[in-house]
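Please work through the exercises below with the sequence and the coordinates open side by side. Each task is followed by a solution that proceeds in steps.

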Amino acid sequence: MIALLLAALLLPQQVLIATPRGNASVPVSTERGPAAVAASRLAQPLGLVASLEGNAVRVTVGGRTFDFDLGAPFVRTGDSAYPLVGAPYVVRDTLFLPLHWLADFVPRLSAGRYRWDPIVARLDEVASVAPVVLTPSPPTAVPPAPTVSANAPNPITGLRLAHTVVVDPGHGGIDPGNPGLHFPGRLAEKDITLAIGRLLRAELLRRGLNVVLTRSTDTLIDLADRPTFCRAACDLFVSIHVNSMPRGRRQGSVSGVETYFLSDAKTEDQKRVTQMENDAMRFETTTPAADGPLAFILRDLQLNEYLRESARLAELVQGRVSAIHPGGDRGVQQGPFLVLAAARRPAILVETGFATHADDGPFLASALGQRRIVNAIADGIVTYLLEFERKLAVGGPAR
Ligand SMILES: [Zn+2]
């Protein structure tokens, strides 16, 4: 299902705009890589108004204003900025806007006025919504972003914009994750990831960020549902896990932290971790995505902005955590994690250490160890967001 959704989002030939005033078919262009649509083709069906001044693109649709810069894969609206798959560009006097913006941000920030159906690439304007609501009513899982003046940096972090981080403690409920050979008592991976996730939420809140936990208790959330917590008001998706080695000669000797971003698995070790984490699907009732389409979509995703952003986020978090981790640095890794595939935001998965290692296990289960890991992950996230805000401020072509 994830693969199908992504396929429809990334690869449609045209988009159908359906409104009470009639329907319009808008061709999708891929001549500059990521899918884009001509702003002029959206003017009539959506009442979209676009203006271009130098590099600055301003688009108003459904009562909401979006600001872009030509060549920059970002969009700003209200107090928030979001990375995009693709950037606005001009070809033969025609302004093209990323399809990702139209299919994702327009409906999600429209307070129910627009709905996107990824299966048939169709954007519906819902007739019954009469008033234009300027402030989006966020989905229940996402707390409303506080109003932050773009000129007042947060005294702790120096960040100027509101950011929301989704923290995903791996496993839960009937899925214990790995059994935790060197955890005290009867703790399993799901308990450690929950403890670290809750501490990470508290630490990020203390630093002025908005945080959504995919679970705050011992419950199982389907892999496919976890990224849906990362909606319009979400900048980053961070999944927390604990690694383990299979029985054998190497079981007790491998230690340390590694951070994954979405890609094809390259090495045997990466395949092992990917298989282990995707294995949570056997506890689920929904049909998993097939290998074939996912592999196909991944090739497409490798071109997109989220991969570069996810890789950078992974690098920063890995650098901070490995600096305080007694088990050492196993580096940034890549794997086709289902939990990351549908986030459509910069998304990473942190394997915080090895339950099968005699030092890593107790470190991960200790209050001090968890506190140090959480501070390090938070440092990495804040550093990434500061970089992100600096890129926005520069504006202009990103390449
Ligand atoms: Zn796990």
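The exercises that follow concern a predicted model, and they go from a metal site to a strand, a helix and a single acidic residue.

**Exercise 1. Identify the protein donors of the zinc ion and place its two histidines in the chain.**

Solution. Start from the ion and list the donor atoms, which are NE2 of His171, an OE atom of Glu189, ND1 of His241 and two OE entries of Glu277, at 2.0 to 2.5 Å from the zinc ion. Next, read the donor residues along the sequence, where their spacing follows the pattern H-x17-E-x51-H-x35-E. The histidine pair links distant parts of the chain, since His171 sits in the loop between β13 (164-169) and α4 (189-206), while His241 belongs to strand β15 (residues 236-243), 70 residues apart. Finally, check the accessibility of the two histidines: both His171 and His241 are buried.

**Exercise 2. Determine how β13 is enclosed and with which strands it pairs.**

Solution. Begin with burial: six of the six residues of β13 are buried, so the strand is largely enclosed by the rest of the structure. Then sort the side chains by direction, which puts Thr164, Val166 and Asp168 on one side of β13 and Val165, Val167 and Pro169 on the other. This can be set beside the general rule that side chains in a regular strand alternate between the two faces of the sheet. For the pairing, β13 runs parallel to strand β14 (residues 210-213) over four bridges, and it is joined to β15, also in parallel, by five bridges. Val167 serves as a reference point for both pairings, having Leu213 as its bridge partner in β14 and standing opposite Val238 in β15.

**Exercise 3. Compare the span of α4 with its expected value, and describe the unit to which the helix belongs.**

Solution. With 18 residues at 1.5 Å a residue, α4 should span 26 Å, and because its end C-alpha atoms are 26 Å apart, the two values agree. Buried residues of the helix include Glu189, Ile192, Leu200 and Leu204, and Glu189 is also one of the zinc donors. Just after α4, Gly208 adopts a positive phi of about 90°. Taken together, β13, α4 and β14 form a right-handed β-α-β unit.

**Exercise 4. Decide whether Asp69 is buried or exposed, and find its side-chain partner.**

Solution. Locate Asp69 in strand β6 (residues 64-69). Its relative accessibility is 12%, and because buried means under 20%, Asp69 counts as buried. The side chain of Asp69 makes a polar contact with the side chain of Arg76, at 3.4 Å.

Methods: Residues are numbered from 1 along each chain as its sequence is written. This is a predicted model: local features need pLDDT of at least 70, side-chain atom pairs count only at pLDDT 80 or more; totals for chains, interfaces and linings use all residues. Side-chain values use heavy atoms; hydrogens and water are left out. Donors are N, O and S atoms within 2.8 Å of the metal (3.2 Å for Na, K and Ca); water is not among the atoms, so sites may look incomplete. Helices (H or I, at least four residues) and strands (E, at least two) are DSSP runs, numbered from the N terminus. Buried means under 20% relative accessible area, exposed over 50%, partly exposed in between (1.4 Å probe, protein chains only). A polar contact is a pair of N or O atoms within 3.5 Å; within protein, one must be able to donate a hydrogen and the other to accept it, and residues adjacent in sequence count only if both atoms are side-chain atoms. Two strands pair if DSSP finds at least two bridges between them. A crossover is right-handed if, with the strands pointing away from the viewer, the path from the first strand over the helix to the second runs clockwise. The expected span of a helix is 1.5 Å times one less than its number of residues.
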